[in-house]
Amino acid sequence: MTRSLRIAALAVALGFAGRAAAAVVTVTDCVGDSHLSTVSSGTHLDVGSDDLVLQCLLAPLSGTDHVIVNAHDITIQGPAGAVTGDSTQTNHITATGAFTATGTSIEQTDNNGGIEVEASGPITITNSTFAIGGSNGGGDRIFIHCADTAPVACTITVTNSTLTGHHIKVQGVGTVTFTKSKLETQSPLDEVRIESFMGDVLFGANGGGNSGDCCGMSGGGGNTVVGGNESNLYVSAFGKIDASNINVLIAELICLRSGVTNFNALGQAACAPCQDSPSSSVSLVPATIDVTDASIRNDFAKPGDIRICADEAHSTITLTGATLIDDDTSMVNDVSELNGCEQVPRTQPPCVNLIGSPATDS
């Protein structure tokens with residue numbers, strides 16, 4: 001994030017602090033409420049600068065194929081409150097304040113549809129399901145993100161929830177936290193991307209989740225990420241990454257990078273090698289990576305690589321009890337790349353900033 005964007009973010013944050021309390025509009029009739037309208041092919045639910053509490057099933061009205069929701073703070077309160085659709089279009093939900101989903105479902109049942117949630121305040125998803133293409137569909141994209149000018153206060157917290165789709169992208173300005181949740185994709189060319197531009201990614205038991213089995217997957221605990229035969233996973237944070245106790249079963253590239261300042265470069269499909277050199281930028285905040293007792297493997301379907309890089313190798317990776325299984329058969333030494341080191345045993349040097357011993361490192 002550039003200096004000008006940080007200044008803009010601070011201005012937005014100050015604007016939130018001085019904002020007068022908004023009226024709260026509770027919608028319980030998703031057919032006849034006066035705030036509903038149809039524009040072109042979309043059903044619009046717009047309460048302007050007021051706050052919205054949705055307590056009914058919002059679906060496209062006759063003659064439309066997707067929904068658009070706009071308000072300041074938005075709360076979708078299940079089980080009565082939910083959003084659905086059945087088209088190739090994207091259901092858009094935009095909050096100029098905070099977004100909260102509690103005990104609800106947001107879906108597009110067409111395999112090529114999409115769901116986009118954008119907010120300028122905190123995003124909180126609890127006991128909820130986001131799905132594209134039904135329970136077994138692949139779908140296109142689930143995109144949960146902070147607005148471009150959102151302040152660092154725009155955190156994303158996902159608890160006891162499931163995200164299912166072809167592409168899943170969760171992009172926060174502040175810290176992104178997952179607790180006992182599952183992200184699942186189906187091939188071809190499926191991808192999960194988790195990013196925090198100005199905070200940490202807490203994806204494990206030690207930094208935000210709870211230990212214990214999750215989501216019907218054996219071993220590990222906390223959170224699960226599972227993909228299809230061509231799946232990829234990218235996790236990147238300005239600060240640290242906690243992936244302790246996580247279950248990851250992804251076919252091709254698994255990439256975890258902390259201390260990231262250039263997200264444009266990481267927006268590319270490839271995950272650049274981890275470089276430890278005098279020219280490497282060093283994060284001014286803690287940028288460790290913790291994979292304690294995690295299960296991270298890509299030993300099925302297409303070959304791939306596991307790359308874990310803590311602040312360009314300047315910060316530590318904690319490996320105690322982890323299961324790391326890398327099947328990149330194009331490499332002579334077929335093991336994970338950890339802070340640029342792709343050899344076993346992990347002798348230091350040439351390996352640097354590695355703490356503890358994994359249970360399996362193959």
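The following exercises, each with a worked solution, concern a predicted model.

**Exercise 1. The open sheet**

Determine in which order the 12 strands of the open sheet are arranged, and which strands stand at its edges.

Solution. Begin with the order of the strands, which is 2-3-6-9-12-15-18-21-24-27-30-33, with mixed pairing. Strand 2 (36-39) and strand 33 (337-338) each have a single partner strand, so one side of each is left without a neighbour in the sheet, and these two are the edges. For a pairing inside the sheet, take strand 6 (residues 66-71) and strand 9 (residues 90-95), which run parallel and are joined by four bridges. Within this pairing, I68 has H92 of strand 9 as its bridge partner.

**Exercise 2. Strand 19 and its partners**

Work out which residues of strand 19 point one way and which the other way, and then identify residues that stand opposite V176 and T177.

Solution. In a regular strand, side chains alternate between the two faces of the sheet. In strand 19 (residues 176-179), V176 and F178 point one way while T177 and T179 point the other way, and all of them are buried. Next, consider the pairings: strand 16 (residues 156-159) runs parallel to strand 19 and is joined to it by four bridges, with I156 standing opposite V176. Strand 22 (residues 201-202) also runs parallel to strand 19, through two bridges, and here L202 is the residue opposite T177.

**Exercise 3. Surroundings of S87 and D110**

Classify S87 and D110 as buried, partly exposed or exposed, and list what each touches beyond four places in sequence.

Solution. S87 lies in the loop between strand 8 (82-83) and strand 9, and because its relative accessibility is 7%, under the 20% cut-off, S87 counts as buried. The side chain of S87 reaches the backbone nitrogen of Q89 at 3.0 Å, and, not counting residues up to four places away in sequence, S87 touches D65, H66, Q108, D110, N112 and G113. D110, placed in the loop between strand 11 (105-108) and strand 12 (114-119), has a relative accessible area of 22% and is therefore partly exposed. With neighbours within four places in sequence left aside, D110 is in contact with D86, S87, T88, I132 and G133. The C-alpha atoms of D110 and T88 are separated by 6.0 Å, although the two residues are 22 apart along the chain.

**Exercise 4. Disulfides**

Find how many disulfides the whole structure holds, and establish the handedness of the links C30 to C56 and C146 to C154.

Solution. A search of the whole structure finds five disulfides. One of them joins C30 to C56, with an S to S distance of 1.9 Å, and with 80 degrees about the S-S bond this link is right-handed. C30 is in the loop between strand 1 (24-27) and strand 2, whereas C56 is in the loop between strand 4 (51-54) and strand 5 (57-58), so that the pair links distant parts of the chain, 26 residues apart. Another disulfide joins C146 to C154 at 2.1 Å; the torsion about its S-S bond is about -95 degrees, so this disulfide is left-handed. C146 is buried, with a relative accessible area of 5%, and C154, at 0% relative accessibility, counts as buried as well.

Technical notes
Residues are numbered from 1 along each chain as its sequence is written. This is a predicted model: local features need pLDDT of at least 70, side-chain atom pairs count only at pLDDT 80 or more; totals for chains, interfaces and linings use all residues. Side-chain values use heavy atoms; hydrogens and water are left out. Buried means under 20% relative accessible area, exposed over 50%, partly exposed in between (1.4 Å probe, protein chains only). Contact means heavy atoms within 4.5 Å. Two strands pair if DSSP finds at least two bridges between them. A polar contact is a pair of N or O atoms within 3.5 Å; within protein, one must be able to donate a hydrogen and the other to accept it, and residues adjacent in sequence count only if both atoms are side-chain atoms. A disulfide is a pair of cysteine sulfur atoms within 2.5 Å.
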